[in-house]
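Q: I am new to this structure and would like a close look at one part of it. Please start from a single loop, then work outward to whatever else stands out in the chain.

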Amino acid sequence: MTSIQKKLLEIAKEFIKICETHNLRYYASSGTLLGAVRHKGFIPWDDDMDFYMPRSDYNKLIELDKKGCFKDQYIFKHWDKTKNYIWNFGKIEDTQTTCIESTIAEHGVDYKSGIGIDIFILDGGGDKQMSSKIHFDKMTKCASRRYDKYWNQKSNNPLKRLVQSMRRSVFTSQFFMEYFKNKHDELAHKYNFDDSKFIASTFVLCTCDKSYHTYSDFEPSIIMPFEDIYIKCPNNYKAYLERLYGDYMTPPPESERTGHMPYFVDLNLPFEEYDAPYIKKLQ
């Protein structure tokens with residue numbers, strides 16, 4: 001393992017310990033699940049860990065965090081708790097490290113972070129495939145609003161760029177961010193996860209429109225080896241991975257074997273002590 005992967009695994013062990021202690025459900029997802037299946041651990045060039053949690057379990061984790069369930073070294077971050085946090089999923093970070101994501105640095109967001117694992121939220125979408133996709137499409141549109149100024153491509157046409165800029169300034173204001181968040185959360189509670197045939201995570205759908213899943217693919221979960229631990233995974237991981245990656249057992253060409261390439265990483269610097277050039281410009 002790389003030094004980053006070792007840190008990630010330490011955080012994952014803390015997360016899994018809390019989940020097991022309090023009977024919270026979670027599942028390895030994305031590259032972490034692929035790594036478990038193909039490598040019995042990290043994909044060699046991977047530099048993050050991804051997990052899913054049903055919303056009810058995720059909300060329980062939020063409440064446990066308020067009572068101090070994590071060791072002092074770790075911090076659980078999410079939109080309702082952390083200032084200038086832009087994501088609509090949670091992160092558990094090591095406070096004694098620094099890892100500034102490229103998206104944060106490139107857009108001058110006044111936000112510091114450490115090495116961390118991602119906790120994506122799974123919601124239910126009901127029992128009918130077509131209506132569930134319509135439901136998740138509405139949720140995804142609300143969720144994606146907060147990423148407009150970070151992800152949308154700029155037009156080459158000056159007039160269109162001006163319209164885009166005006167639109168972003170309006171829809172990324174605090175008022176509209178709160179509106180879209182509240183609308184998203186309202187939709188998220190329309191269906192019960194355990195009573196739904198179709199499930200999905202809206203953030204993951206923002207980045208991969210193939211990420212519609214069935215409840216039976218996940219429950220009951222199974223245990224798989226990952227480095228020196230065991231992690232819970234969707235029982236039908238084959239169908240999950242084929243949806244996302246196609247021939248998932250064949251590694252990509254060497255030119256595509258890259259991680260997330262963060263802006264800055266220091267495993268020995270507490271992120272609160274990091275003094276970033278882009279943050280200086282904001283002061």
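A: Start with the loop that holds Pro220, which runs between helix α10 (215-218) and strand β9 (222-226). The model is a predicted one, and everything below describes that prediction. The feature to look for in this loop is the peptide bond between Glu219 and Pro220, which is cis, with an omega of about -5 degrees. Most peptide bonds are trans, and most residues other than glycine have a negative phi. The bond into Pro220 is therefore one to pick out by eye, as its omega of about -5 degrees marks it as cis.

Moving on past β9, the next stop is Glu227, in the loop that links β9 to β10 (229-233). Here the point of interest is phi: Glu227 is not a glycine, yet its phi is positive, near 55 degrees. Glu227 is partly exposed, because its relative accessible area is 33%, between the limits of 20% and 50%. Another positive phi, about 60 degrees, belongs to Asn84, also not a glycine. Asn84 sits in the loop between β3 (74-77) and β4 (90-94). With a relative accessible area of 35%, Asn84 is partly exposed.

Now go back to α10, which begins at residue 215. Tyr215 is one of the residues in contact with Ser196, once the neighbours of Ser196 within four places in sequence are set aside. The other contacts counted in this way are Gly124, Gly125, Gly126, Asp127 and Tyr191. Ser196 belongs to the loop between α8 and β7 (198-200). Its relative accessible area of 5% is under the 20% limit, so Ser196 is buried. One of its partners is distant in sequence: Gly124 is 72 residues away along the chain, while the C-alpha atoms of Ser196 and Gly124 are 5.3 Å apart.

The loop of Ser196 follows α8, and α8 (residues 174-188) has a helix partner, α5 (residues 129-144). The axes of α5 and α8 come within 8 Å and cross at roughly 155 degrees. That angle is over 145 degrees, which means that α5 is roughly antiparallel to α8. The crossing of α5 and α8 is left-handed. On the α5 side, the residues that meet α8 are His135, Lys138, Met139, Cys142 and Ala143. On the α8 side they are Phe180, Lys183, His184, Leu187 and Ala188. Taken together, the residues of this contact are six nonpolar, two polar and two charged.

Cys142 of that contact brings up the cysteines, and here a search of the whole structure finds zero disulfides. Cys69 shows why a bond is missing in its case: the closest cysteine sulfur, that of Cys19, is 9.1 Å away, whereas a disulfide needs the two sulfurs within 2.5 Å. Cys69 is partly exposed, with a relative accessible area of 22%. Cys233, by contrast, is buried at 0% relative accessibility, and its number places it at the end of β10 (229-233).

Stepping back, these parts belong to a chain with twelve helices and eleven strands. Of its 283 residues, 49% count as buried. Among contacts between residues at least 6 apart in sequence, 68% join residues at least 24 apart. The pairing of Ser196 with Gly124, 72 residues apart, is an example of a contact across such a separation.

Key:
Residues numbered from 1 in each chain as written. Predicted model: local features only at pLDDT ≥ 70, side-chain atom pairs only at ≥ 80, totals over all residues. Heavy atoms only, no water. Buried < 20%, exposed > 50% of the residue type's maximum accessible area, 1.4 Å probe, protein only. Helix = DSSP H or I, 4+ residues; strand = E, 2+ residues; numbered from the N terminus. Axes fitted to C-alpha atoms, helices over the stretch in contact; angles between N-to-C directions. Parallel < 35°, antiparallel > 145°, perpendicular 65-115°, else oblique. Left-handed = near helix turned anticlockwise from the far one by under 90°. Contact = heavy atoms within 4.5 Å. Nonpolar A, V, L, I, M, F, W, Y, C, P; charged D, E, K, R; others polar.
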